[in-house]
Amino acid sequence: MATITNTLIQGLTRQMVQARLNTVDAKPFLFGTHFPVKKVNGFIWRTLGNQIAKRNVAADLHTDNGTIIRKRRPVFESAKGDIPFISISREMTRSEIKEYQTELAFAQDEDAAKLVQYWGEDVDFCFTGVQSELEFIAWALASNAGKLAFTTTNNATYANEFDLDYDVDDFQKKKTTTDWSDSASADVIGDLAALVKHAKDNSLNPKFAFINLEELYHICSAEQIIKACASYLANAVGISQTPDLAAVNQMLAKQAWLNGIQLRVIDQTITREFSDGTSTSGNPFADRRMILSESERLGTTQYDILRENNELILRAERAHTVVKKYGTVEPLSEVTIGQADAVPVFDSAYRNIYVRTDAQNWD
């Protein structure tokens, strides 16, 4: 095992790494909005309790001296499990260190802006890598009805002990009556009306429909939606155009029986690099899926921090993410690590309706 030394970047301090970490742009990641970060204690994640309790259970009339009827408490309180360890690293090799030292020799000072690339980009890369994994887990889990298996195709280090399965009820998994990719016959409005009614019959009150960008294309291309979004005059003269997201949401809000449902589009691309150097990219939100939810907040990203004490390592924290930098003797290298003990927790799993929009049954 390589011997850890101080960083090989001359003049680099913990404060400089922390400052760089604080400036990395996290806005492109959507999990922070729909699965906001929450610190817990003990490295155990838990869903909110009583998520399958019936909402708005009414009180009863009682006589002054009568016994008050006790309402049933749900048998299932919450799901829980161990928080997994997420990590990513990058190494500056001996040849790259030579390039850095050459640039340093020509620089006016060791803090010169052009030298930041030799350590700053690795900090960005590792922070972004941790967020990318959390983004993947959040949307792959949610769009597959609370079930996600880690395999060699979605995780370079296969670790199936962290497979997730919220075991949602069968009534929560539905399919459309028409294939929404068939623009001529897709009955998007009719299917949504039936799904909202089904949800309300089961004491659910969906207000949002989460889909990916490909599904938005199918919806906007459906002849029924184009006609519904067009004005009376446009329909009369036959010049209707494909609507955008705003137009579709405006139309859906006016439709009877749709409960004011609004589309929320997950447009994200996550790249995964495997141990053999190959990579693949895609949207973690599964194709031909829709989540009907009562809230835009689907869960929480729960985390804890493992405390470490090594004076040779430059260590910085940003919420759930830890970035570390240090040098090694053999092989000579500069190592940057991004890590987090964190996981998106699907708090609303038992309050959603999961829909296949290709009119096919769930497996």
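Biologist: Before anything else, where is the place of proline 331?

Modeller: Proline 331 sits in the loop between β16 (321-328) and β17. Keep in mind that this is a predicted model.

Biologist: What makes the peptide bond from glutamate 330 to proline 331 cis?

Modeller: Its omega is near 0°, and that goes with a cis bond.

Biologist: Why is alanine 145 called buried?

Modeller: Alanine 145 has a relative accessible area of 5%. Buried means under 20%, so alanine 145 counts as buried. This residue lies in the loop between α4 and β6 (147-148). It also has a positive phi of about 60°, although it is not a glycine.

Biologist: And which value does phi take at alanine 359?

Modeller: Phi there is near 65°, again positive in a residue other than glycine. You'll find alanine 359 in the segment after β18.

Biologist: How many of the chain's residues are buried, as a percentage?

Modeller: Buried residues make up 44% of the 363 in the chain. The chain has 9 helices and 18 strands.

Biologist: Why are α1 and α4 called oblique to each other?

Modeller: Helix α1 (residues 14-23) and α4 pack at an angle of about 50°, with axes 10 Å apart. Angles under 35 degrees count as roughly parallel and 65 to 115 as roughly perpendicular; the pair fits neither, and is therefore oblique. Their crossing is right-handed. On the α1 side the contact is made by Met16, Val17, Arg20 and Leu21. On the α4 side, the residues include Trp119, Glu121 and Phe127.

Biologist: Which residues touch the most other members of the largest nonpolar core?

Modeller: That core has 42 residues, and the ones with the most such contacts are Phe35, Trp45, Trp139, Tyr166, Phe210, Phe346 and Tyr354. Helix α4 (117-143), β9 (208-212) and β17 (333-345) each supply at least two residues. The most come from α4, which gives 9.

Biologist: What does phenylalanine 346 touch?

Modeller: Leaving out residues up to four places away in sequence, its contacts include Phe35, Leu141, Tyr166, Leu298 and Tyr354. There is also a second, separate core of 25 residues, with Ala186, Ile219, Met251 and Leu258 among them.

Biologist: What makes β8 and β10 edge strands?

Modeller: The open sheet has 5 strands in the order β8-β18-β13-β9-β10, with mixed pairing. Strands β8 (173-175) and β10 (262-266) each have a single partner strand, so one side of each has no neighbour in the sheet. The twist averages 25° from one strand to the next.

Biologist: In which sense do β9 and β13 pair?

Modeller: β9 and strand β13 (residues 289-293) are antiparallel, over 3 bridges. Phenylalanine 210 stands opposite isoleucine 291 in β13. Helix α5 (residues 188-201) packs on the sheet and touches β8, β13 and β18 (353-356).

Biologist: How do you know that the side chains of β11 alternate?

Modeller: Look along residues 270-273: Ile270 and Arg272 point to one face and are buried, while Thr271 and Glu273 point to the other and are not. In a regular strand, side chains alternate between the two faces of the sheet.

Biologist: Last one: what do β11 and β12 form?

Modeller: They form a hairpin with 5 residues between the strands, and glycine 277 in the turn has a positive phi of about 95°. β11 and strand β12 (residues 279-282) pair in the antiparallel sense over 4 bridges. Glutamate 273 has serine 279 as its bridge partner in β12.

Notes: Residues numbered from 1 in each chain as written. Predicted model: local features only at pLDDT ≥ 70, side-chain atom pairs only at ≥ 80, totals over all residues. Heavy atoms only, no water. Buried < 20%, exposed > 50% of the residue type's maximum accessible area, 1.4 Å probe, protein only. Pairing = 2+ DSSP bridges. Core = buried A, V, L, I, M, F, W, Y, C linked by side-chain atoms within 4.5 Å. Contact = heavy atoms within 4.5 Å. Axes fitted to C-alpha atoms, helices over the stretch in contact; angles between N-to-C directions. Parallel < 35°, antiparallel > 145°, perpendicular 65-115°, else oblique. Left-handed = near helix turned anticlockwise from the far one by under 90°.
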